[in-house]
Structures are given as structure tokens and as C-alpha cells.
Amino acid sequence: MAKRLKVANPARCIGCYSCMMACARTWYDTISLKNSRINIQTSGGIETPYNAIVCHACVDPPCMRACPVGALTKRKGGGVIFNKELCNGCGNCIEACIVGAIHLDAEKKAVICKHCGVCTKFCPHDVLEMIEVEDSGELKVTDTNPVEDTGPESLTASHKEIYEKKDFGEKEPEGEK
Ligand code: SF4
Ligand code: SF4
Ligand code: SF4
């Protein structure tokens, strides 16, 4: 049974970069964020939400089709398996990727998610999760009658939704909004 990475609760990301450091540490033995296969970005400044840029596990990967030397092959469950030896650093896959999830490392080799799931274990807020998919990459239907997700304590609620309902014993000063 195949699995793939999913950004399940993007609104919960606080930009701690733990996932990036875990990925780089695991696969490059560094904590250089340039070696991470997941990229946490703000939409434009520290006051905007964070976006997790990571491989979407395409069933028919454009990056694979763009590679002139066969360094990328289809991965069971979606996405690609990368052959570093074959990669010539041309960057065609970067241009072809639908979400901008590929870059080159210092050796001019492609950096692409393996869907290993290591990063999910280091996210303190369950932003990332591994989901089961068919070997073809299609989503697995395991619950045909899902319970309605009502929040604010639900898994998809953002921090704001969760905490604005809580009483921390702090009152706003008189006259201030
Ligand atoms: S950078 Fe490497 S993996 Fe990407 S298209 Fe070029 S040869 Fe293929
Ligand atoms: S790297 Fe980009 S194009 Fe390739 S499978 Fe992942 S999302 Fe699709
Ligand atoms: S699933 Fe693995 S390769 Fe992909 S971003 Fe997470 S740690 Fe990196």
C-alpha cells in the first residue's frame, strides 16, 4: 500500500522550519534549508500566512516527462523516484513542476521529495501527514460516511480558530479595541 505526503492543515503552520531541517538532516546530513525537499514560505512578509511548497505526487508527473535523461521515474503512489547518478542538472524538471517543488542542490542535482514522511514526525502542529493512496496514486477511499468537521477544535481549524475561543484570563484594556 502506497503513501504520500499531504499538507493537511496549512493554517496551523507557524514557520518553525522543523520539517525543512528534518528533511535536510535526514537526506543530506546537514541542516541547510537549501537541501530541504519541502519549502516553507510566507506569501510576502512575516505577517502573512505560511505556504508549504512540496511535491503533490502527480500521477502522471510532468517533471518526469521533462527529464531528458530518464533520471526521474514514476513512484508507486504518485510522484517520482530520482536517480542522482543520471541527473545532469539541466533544470527542465524545475520548469515543468506544477507547484515549484524542485530546485537544484550545490552539486547541481535535483532536490525532489521522496514522500518518506520524516518531516511529518517533526511538525509540532500536525500541518503535514502521510496519507494512504492506491498504488496508481489515486486517493484511497477509507471512510464513506465522514463525520462533519465542525471546529473550532477540529483537525482543520487554524490556531486562530482554536485559541480565540479560549479564556486566557487577559482582558483588553478599557477603551481599547
Ligand atoms: S535537472 Fe536532472 S532530474 Fe531534472 S530534468 Fe534535468 S536531468 Fe532530469
Ligand atoms: S515534483 Fe512537481 S511535477 Fe513532479 S510529481 Fe511532484 S508536484 Fe508533480
Ligand atoms: S516526505 Fe521526506 S523527502 Fe519529502 S519533504 Fe518530507 S522529509 Fe523531505
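In this predicted model, helix H1 gives three residues to the shell around ligand 3, the largest share of that shell. Helix H4 (118-122) is, like H1, a supplier of at least two residues there. The shell around ligand 3 comprises 14 residues, the closest of which are Cys-23, Ile-38, Cys-113, Cys-116 and Cys-119. Around ligand 1 there are 13 residues, and those that come nearest are Cys-67, Cys-87, Cys-90, Asn-92 and Cys-93. The table sets out the composition of the two shells by residue class.

| Shell | Nonpolar | Polar | Charged |
|---|---|---|---|
| Ligand 1 | nine residues | four residues | no residues |
| Ligand 3 | nine residues | three residues | two residues |

Helix H1 (18-28) also has a part in the largest nonpolar core, where it is among the elements that give two or more residues, together with helix H2 (62-66), strand E5 (80-82) and strand E7 (110-111). This core holds 33 residues, and the members that touch the most others are Cys-19, Ile-38, Cys-63, Leu-72, Ile-102 and Ile-112. H1 provides the largest share of the core, namely four residues. In soluble globular proteins, nonpolar side chains tend to be buried together. Ile-38, one of the core residues that touch the most other members, is also listed with the closest residues to ligand 3. Ile-112, when neighbours within four places in sequence are left aside, is in contact with Arg-37, Cys-55, Val-80, Phe-82 and Ile-102.

For the protein chain as a whole, there are five helices and eight strands, arranged along the sequence in the pattern β-α-β-β-α-β-β-α-β-β-α-β-α. Of the 177 residues in the chain, 27% are buried. Among contacts with a separation of 6 or more, 57% join residues that are 24 or more positions apart.

Two residues in the loops that flank H1 deserve a separate note on backbone geometry. Tyr-17, which lies in the loop between strand E1 (2-7) and H1, has a phi near 65°, a positive value in a residue other than glycine. Because 18 other C-beta atoms lie within 10 Å, Tyr-17 is classed as partly exposed. Asp-29, in the loop between H1 and strand E2 (39-42), likewise is not a glycine and has a positive phi, of about 60°. Asp-29 has 9 other C-beta atoms within 10 Å and is therefore exposed.

Conventions. Residues are numbered from 1 along each chain as its sequence is written. Chains are lettered from A and ligands numbered from 1 in the order in which they are written. This is a predicted model: local features need pLDDT of at least 70, side-chain atom pairs count only at pLDDT 80 or more; totals for chains, interfaces and linings use all residues. A residue is near a molecule or strand if its C-beta atom, placed from the backbone, lies within 6 Å of it. Ala, Val, Leu, Ile, Met, Phe, Trp, Tyr, Cys and Pro count as nonpolar, Asp, Glu, Lys and Arg as charged, and the others, Gly among them, as polar. A nonpolar core is a set of buried Ala, Val, Leu, Ile, Met, Phe, Trp, Tyr and Cys residues joined through C-beta atoms within 7 Å. A residue is buried if 20 or more other C-beta atoms lie within 10 Å of its own, exposed if 12 or fewer, and partly exposed in between; C-beta atoms are placed from the backbone. Two residues are in contact if their C-beta atoms, placed from the backbone, lie within 7 Å.
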